[in-house]
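Visitor: Please give me a close look at one part of this protein, and then show me what else is worth seeing in the rest of the chain. I am new to this, so do explain the terms as you go.

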Amino acid sequence: MTEQQKIMIADPDVSAAQLTTFYLTQALYETTVVSDADLVSAECFSFQPDLVLLEAVFPEQEMFQACKELRAQSDVPVILLSSAYEVTDRVRGLDLGADDYLAKPYDARELLSRIRAVLRRYHPPKAAPAQEAEAGEYVKYPDLAISLTNYSVIYKGQTIDMPPKELELLYFLASSPNQVFSREQLLDRLWGFDYMGDTRTVDVHIKRLREKFKANKYWAIKTVWGVGYKFEVKK
């Protein structure tokens with residue numbers, strides 16, 4: 001029997017949290033509710049959720065602090081739920097480590113779809129043998145091997161842990177070496193055409209990738225000024 005996945009709902013609005021709980025339990029998720037932003041990290045540690053829904057009805061600073069603390073102590077995926085439409089708010093939340101953003105009011109079906117999509121990225125199928133991985137979504141360069149089949153990255157013989165979206169961006173660029181992609185193309189391909197964030201999201205993820213992979217004599221993630229980015233393979 002498949003183990004029930006757990007979702008923590010951080011929301012000070014009790015009635016709203018109860019409605020969200022209803023949707024999730026109907027979809028066979030186990031849930032818990034935290035109504036105090038200061039208790040989010042502690043409850044995450046004890047409940048060990050597979051995903052956190054962080055409602056932005058918390059005072060702004062409390063919400064961002066809770067998101068920051070979650071990311072500091074855990075790789076648990078976080079979806080921000082907010083009625084704020086300011087791009088700066090969405091970008092700030094994503095910069096602090098949130099994995100997705102859903103504007104309110106939202107349809108329950110879309111919420112469940114976003115949850116499933118994020119959980120698929122964080123809980124991919126178990127690693128296949130190397131030869132099977134190479135037959136799937138897999139690219140390899142000197143010092144670097146990226147598998148989208150089992151969401152793994154090996155750099156200079158060491159496994160590199162990274163959030164799924166960073167891995168997907170790296171794989172996408174590396175699977176089309178020397179091809180330039182605009183920020184808009186990357187945003188559309190990896191975040192979806194209905195994503196409400198802006199192209200700065202791409203810049204943030206590129207910066208994080210460069211911090212993980214310092215200068216390499218064989219390849220590099222290059223900025224093409226005025227256009228976008230490419231995975232440059234050096235000859």
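Guide: Let's begin where helix 7 passes helix 8 in a right-handed crossing, meaning that the near helix is turned clockwise from the far one by less than a right angle, while an anticlockwise turn would make a crossing left-handed. You are looking at a predicted model, where local features need pLDDT of at least 70 and side-chain atom pairs count only at pLDDT 80 or more, while totals for chains, interfaces and linings use all residues. Residues are numbered from 1 along each chain as its sequence is written, and side-chain values use heavy atoms, with hydrogens and water left out.

Helix 7 covers residues 164-174 and helix 8 covers residues 183-191; helices (H or I, at least four residues) and strands (E, at least two) are DSSP runs, numbered from the N terminus. Two packed helices are described by the angle between their axes and the distance between the axes. Here the axes come within 11 Å and cross at roughly 120 degrees. Axes are lines fitted to C-alpha atoms, for helices over the stretch in contact, with angles from 0 to 180 degrees between N-to-C directions. Helix 7 and helix 8 are therefore oblique to each other (under 35 degrees is roughly parallel, over 145 roughly antiparallel, 65 to 115 roughly perpendicular, and the rest oblique).

Which residues make this contact? Helix 7 brings Lys165, Glu168, Leu169, Phe172 and Leu173, and helix 8 brings Leu186, Arg189, Leu190 and Trp191; contact means heavy atoms within 4.5 Å. Sorted by class, the contact of helix 7 with helix 8 has 6 nonpolar, no polar and 3 charged residues (Ala, Val, Leu, Ile, Met, Phe, Trp, Tyr, Cys and Pro are nonpolar, Asp, Glu, Lys and Arg charged, and the others, Gly among them, polar).

Now stay with helix 7 a little longer. Is this helix mostly covered or mostly open? Helix 7 is mostly covered, with 11 of its 11 residues buried; buried means under 20% relative accessible area, exposed over 50%, and partly exposed in between (1.4 Å probe, protein chains only). Charged residues are included, for Lys165, Glu166 and Glu168 are among the buried ones, along with Pro164, Tyr171 and Ala174.

Next come the aromatic rings. The structure holds 7 aromatic pairs; rings of Phe, Tyr and Trp (its six-membered ring) pair if their centres lie within 6.5 Å, with planes under 30 degrees apart called stacked, over 60 edge-to-face and the rest tilted. In one of these pairs, the ring centres of Tyr155 and Phe213 are 5.0 Å apart and the planes stand at 90 degrees, so the pair is edge-to-face. Tyr155 sits in strand 8 (residues 152-155) and Phe213 in the loop between helix 9 (200-212) and strand 11 (219-224), so this pair ties together parts that are 58 residues apart in sequence. Tyr155 is buried, with a relative accessible area of 9%, and Phe213 is buried too, at 7%. Phe172, which you met at the contact with helix 8, pairs with Phe181: their ring centres are 4.7 Å apart and their planes lie at 50 degrees, so this pair is tilted. Both Phe172 and Phe181 are buried. Ring pairs also link Tyr141, Tyr155, Phe213, Trp219 and Phe231 into a cluster.

Another crossing joins helix 1 (residues 14-26) and helix 5 (residues 108-122), whose axes come within 11 Å and cross at roughly 65 degrees. This crossing is right-handed. Thr20, Tyr23 and Leu24 of helix 1 meet Ala108, Leu111, Leu112 and Ile115 of helix 5. The contact of helix 1 with helix 5 has 6 nonpolar residues, 1 polar residue and no charged ones.

Leu24 and Ile115 are also among the residues that Ile7 touches, together with others including Phe47 and Pro49. Ile7 lies in strand 1 (residues 6-10) and is buried, with a relative accessible area of 0%. Ile7 and Ile115 are 108 residues apart along the chain, and 9.3 Å separates their C-alpha atoms.

Finally, look at a loop. Leu28, between helix 1 and strand 2 (30-34), has a phi near 70 degrees, a positive value in a residue other than glycine. Leu28 is exposed, with a relative accessible area of 63%.

Stepping back, the chain has 9 helices and 12 strands, and buried residues make up 46% of its 235 residues.

Terms used: Lists of a residue's contacts leave out its neighbours within four places in sequence.
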